[in-house]
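Here are some short exercises to work through with a structure on your screen. Try each task before you read its solution.

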Amino acid sequence: MESIKDRLELFGLKKALGYLENDPKNNVPKVLRWLQEFDRDENHNKSYKLLSEAMTDPDNNWNRLISGFYTNIDEGYRKKAFENMLINFVGGKRLGQNSEKYDCNVPWAILMDPTSACNLRCTGCWAAEYGHGLSLSFEQMDDIIRQGKELGCYMYILSGGEPLLRKNDIVKLCEKHNDCTFLAFTNGTMIDEAFADDILRVKNFVPAISIEGYEKDTDFRRGAGTYQAVLKAMNILREKKLPFGASLCYTRKNAELIGSDEYFDFLISQGCIFAWIFTYIPIGADAVPELIATADQRAFMYRQIRKFRETKPIFTMDFWNDGEYVNGCIAGGKSYLHINANGDVEPCAFIHYSDSNIKDKTLLEALRSPLFMQYRRNQPFNHNQLRPCPLLDNPARLAQMVKKSGAKSTDLVHPEDVDSLTAKCVDAARNWASVSKEIWDSSSAREQCEKREAKECEEKLRIAEKVRQSV
């Protein structure tokens, strides 16, 4: 539960938001300075400073992006979105407190699958083989959110399957938990005028629409007509001044297109304000290892995304190449976890092994399970934080953790032995190791990450000693 101190801080921050609507250009830096004062642990001070500096430069891409919130986003939606961001900010302090209290990872975000069903069958997607029989009930999802909020988590991400097959229940969750932010990875084909009106009403739901390039590339993987349906969905959202972004998966076939200046300019022209970037992982019986991006393609994406952050008004997150900013892998509850449509609590949406089910255990019990504790004890998985992933970059580490914890495959149709899964990634890991070493050794982030890693190790030792003494 929120403390009185938390409530007072939140009240003050909400008051500060009121200044933004009057004169955002001049008042955004002031609010950022106030946030710095509240951030006594100094976890985000560097980010606040950079944003403050950006807002004084009219040509800065971050200035252009933030200014766009006041011209391109519905006013009521914008105010609610900023308010929920502050709730998440205050709740984040409880995450750290609970992590220390229970000696386990406590996630900032929970990813869950309302259903395994999907209206598409995309090449290489594990969800395509799961069938349409699995789902979390509204009551189960509601309880997951209740438990998460008690721990300090206010961000809920929906995937699947196609989560919008459960759009009515999603709207109900948004209504009931209007202090949370909900984001959905969706193919976009089920976004219509009525659903967009619901989003505008609840004001705490954001779609991340999957798109693999232009029409030929998107329809190659997702089926004929998908691209045009996506453009229609984006147009509906744009006309209603609703925020949305793109979910991009780059493969050996489309990496150069996905990472091109022209393609990102296209996304911005369609109204996307963010892009979540993933790389193809060969999971499931229908996996296509030949689609794994080459090491040179991954290096290309690394350099392009960093260039875009300096030049284009769109927020980007590269889930495999941004390990340097978050001290490696963010899975295993460190920043997020995944609950599939059967209720299995998995460390990652791409790691289909579990030793806990939300129907039998509480969220906290799952976070303290052997598999999640293996993640906590082994993170980061590599000193080169351009190699963060225990599957794609360090496959032997994943096999070791799964075996030590006794976790089982959660694929109900074709259970996959962990040695068979990791074998698909050995060549890609070896090739990326040499290419990424050159980048990492020349990166200014290396020294900062090594210092942060040392600091986190010291913190873990301090917590462990505190727990030992309490016992």
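How many bridges join β1 to strand β8 (residues 336–339), and do the two run parallel or antiparallel? Keep in mind as you look that this is a predicted model.

**Exercise 1: Around β1**

Answer the question above, then find the partners of β1 on its other side.

*Solution.* Start with β8: four bridges join β1 to this strand, and the two run parallel. To find the register, take A109, whose bridge partner in β8 is Y336. Next, turn to β2, which is also joined to β1 by four bridges in a parallel arrangement. Here M112 of β1 has L158 of β2 as its bridge partner. Finally, check the side chains. In a regular strand they alternate between the two faces of the sheet. In β1 (residues 109–112), A109 and L111 point one way while I110 and M112 point the other way, and all of them are buried.

**Exercise 2: The whole sheet**

Write down the strand order of the open sheet and find the strands at its edges.

*Solution.* Walk across the sheet and you meet nine strands in the order β7-β6-β5-β4-β3-β2-β1-β8-β9, with mixed pairing. The edges are β7 (315–318) and β9 (345–346); each has a single partner strand, so one side of each lacks a neighbour in the sheet. For β7, look at β6 (residues 274–279): four bridges link these strands, which run parallel. A handy landmark is F274, which stands opposite F315 in β7.

**Exercise 3: An enclosed strand**

Is strand β3 (residues 181–186) buried or exposed?

*Solution.* Take the faces one at a time. On one side sit T181, L183 and F185, and on the other F182, A184 and T186; every one of these is buried. That is six of the six residues of β3, so the strand is largely enclosed by the rest of the structure. Its link to β2 (residues 155–158) consists of four bridges, and these strands run parallel. M155 of β2 pairs with T181 of β3 in one of the bridges.

**Exercise 4: Two helix pairs**

Classify how α9 packs on α10, and how α4 packs on α13.

*Solution.* Begin with α9 (residues 215–222) and α10 (residues 226–239): the angle is about 110° and the axes are 8 Å apart. Angles of 65 to 115 degrees count as roughly perpendicular, so α9 is roughly perpendicular to α10. The contact involves E215, T218, D219 and R222 of α9, together with T226, Y227 and Q228 of α10. Sorted by class, this contact of α9 with α10 holds one nonpolar, three polar and three charged residues.

Now move to α4 (residues 61–72) and α13 (residues 295–311), which pack at about 70° with axes 6 Å apart. α4 and α13 are therefore roughly perpendicular to each other as well. From α4 come N61, W62 and R64, which meet F308, R309, E310 and T311 of α13. The contact of α4 with α13 divides into two nonpolar, two polar and three charged residues.

**Exercise 5: The nonpolar cores**

Which residues of the largest nonpolar core touch the most other members?

*Solution.* This core has 113 residues, and M112, F205, I211, L248, I339, Y375 and L398 touch the most other members. The element that gives the most to this core is α10, with seven residues. Then zoom in on L398: leaving out residues up to four places away in sequence, L398 touches I351, Y375, P390, L391, V418, L421 and T422. Another core, of seven residues, lies apart from the largest one and includes A295, A299, Y302 and I439.

**Exercise 6: Backbone exceptions**

Where are the cis peptide bonds at G161 and P380 placed, and which loops hold D103 and K241?

*Solution.* Recall that most residues other than glycine have a negative phi, and most peptide bonds are trans. The bond from G160 to G161 is cis, with omega near 20°, and G161 sits in the loop between β2 and α7 (167–176). Q379 and P380 are also joined by a cis bond, with omega about -5°; P380 is in the loop between α16 (370–378) and α17 (395–405).

For positive phi, D103 has a value near 55° and lies in the loop between α5 (75–102) and β1. K241, with phi near 60°, belongs to the loop between α10 and β5 (245–250). D103 is partly exposed at 26% relative accessible area, and K241 is partly exposed at 35% relative accessibility.

Technical notes
Residues numbered from 1 in each chain as written. Predicted model: local features only at pLDDT ≥ 70, side-chain atom pairs only at ≥ 80, totals over all residues. Heavy atoms only, no water. Axes fitted to C-alpha atoms, helices over the stretch in contact; angles between N-to-C directions. Parallel < 35°, antiparallel > 145°, perpendicular 65-115°, else oblique. Contact = heavy atoms within 4.5 Å. Nonpolar A, V, L, I, M, F, W, Y, C, P; charged D, E, K, R; others polar. Pairing = 2+ DSSP bridges. Core = buried A, V, L, I, M, F, W, Y, C linked by side-chain atoms within 4.5 Å. Buried < 20%, exposed > 50% of the residue type's maximum accessible area, 1.4 Å probe, protein only.
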